[in-house]
Amino acid sequence: MELRLHAFDLPLKHTFTISRGSIDIQQTLVVELADQGHSGFGEATTNDYYGFTLENMIAALETLRPQIEATRLETPEDFWDVLQPKLADNPFAHCALDQAAYDLWGKQQGQPVYRLWGLQPDSLPLTNYTIGIDSIEVMVQKMNELPDWPVYKIKLGTSHDLEIVRELRQHTDAAFRVDANCGWSAAETIDHSHALKELNVEFIEQPLPADQWTEMEKVFAASALPVVADESCIIPGDVERCYGHFHAINIKLVKCGGLTPARRMIARARELNMKVMVGCMTESTVGISAIAQLLPLLDYVDMDGALLLSRDIASGVTIDQGVCHFSNVNGSGVQLLDASTGDSASSS
């Protein structure tokens, strides 16, 4: 295999703000694995909170270039397991590599990845569309840009969170999900949960800081709404710990290291009778198309990353009114585009 690395700046349609910061441009790394006329693509965005940059992701993969390029890809799972000890400290880089391996594998096998897993695209969950923190007026405007979306995810963690949700509720009958990104206390969460339930909110995502397990027990017991782990559930070993503290987990491929560990996390969550969501990290269509392969396994999904961009870098799955439509290209369905012209720069 030949390893090719592509760095991009992904411009956002709007400044994207959560409880701990704002961005206008999302840097991302796309990994390409090329072999015998096929190219597979995977992606990992950078993230200051977790400390992963283009530089440290590229450095981690360049160190392993001889081993990666000498590999004959049999199964992506085996490929992931072999490299995991060497990429354990950089799951973001491992995620991009793992996604690329699956995309290449599917193209080589002449099938979409989900079919190679024995899955069927029936009764798939709808993806939410995320409304980042802003003035209430601007948040309403953002929602009205896609006015008939069936589910909105509202970022919270301000001093006037209930006011935000009440105002947004005046403009749509769609279901809401809220995500405080560690911005609340246990008392606030329990108190807010009752008002939010009346406002047709489905669940609360990561209300407390990730290390507040004792406080989360209180929330789990008293919240009027289900609570979903995000920052508290990063790697497969975290799923067990979330049991009894959260009703569901939100898996991020970049944080856990790709599709291989994500499937293992889903399996463990099901054993514990927990609901499962997969979320995105403002990826382009490269990363979103990888997430889509997991859809038949999920209860909820947040795969709107590419919809938040003013310019995409790839073709693959598309989303219309919350519904995912798979590409007619095999693997994950990804074809990289030239970011400046939109023309295909790599063929499968």
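**Exercise 1.** Work out the strand order of the open sheet, and find which strands are at its edges.

*Solution.* Start with the order: this open sheet has 8 strands, running β4-β5-β6-β7-β8-β9-β10-β11, and the pairing is parallel. Next, look for strands that pair on one side only: these are β4 (129-131) and β11 (300-302), the edge strands. Finally, check the twist, which averages 25° from one strand to the next. Keep in mind that you're looking at a predicted model.

**Exercise 2.** Zoom in on β6 and β7: how many bridges join them, and which residue does V178 stand opposite?

*Solution.* Find β6 at residues 175-179 and β7 at residues 201-205; the two run parallel, with 3 bridges joining them. Then pick out V178 and look across to β7, where I204 stands opposite.

**Exercise 3.** Which strands does helix α6 touch, and which does helix α7 lie across?

*Solution.* Take α6 first, at residues 136-145: this helix packs on the sheet and touches β4, β5 (151-155) and β6. Compare directions, and α6 makes about 165° with β4. Now go to α7, residues 161-169, which lies across β5, β6 and β7. The angle between α7 and β6 is about 160°.

**Exercise 4.** Is H192 buried or exposed?

*Solution.* First locate H192: you'll find it in helix α8, residues 186-198. Its relative accessible area is 13%. The cut-off for buried is under 20%, so H192 counts as buried. To see what's around H192, leave aside its neighbours within four places in sequence: H192 is then in contact with L162 and W184.

Terms used. Residues are numbered from 1 along each chain as its sequence is written. This is a predicted model: local features need pLDDT of at least 70, side-chain atom pairs count only at pLDDT 80 or more; totals for chains, interfaces and linings use all residues. Side-chain values use heavy atoms; hydrogens and water are left out. Two strands pair if DSSP finds at least two bridges between them. Helices (H or I, at least four residues) and strands (E, at least two) are DSSP runs, numbered from the N terminus. Axes are lines fitted to C-alpha atoms, for helices over the stretch in contact, and angles run from 0 to 180 degrees between N-to-C directions. Contact means heavy atoms within 4.5 Å. Buried means under 20% relative accessible area, exposed over 50%, partly exposed in between (1.4 Å probe, protein chains only).
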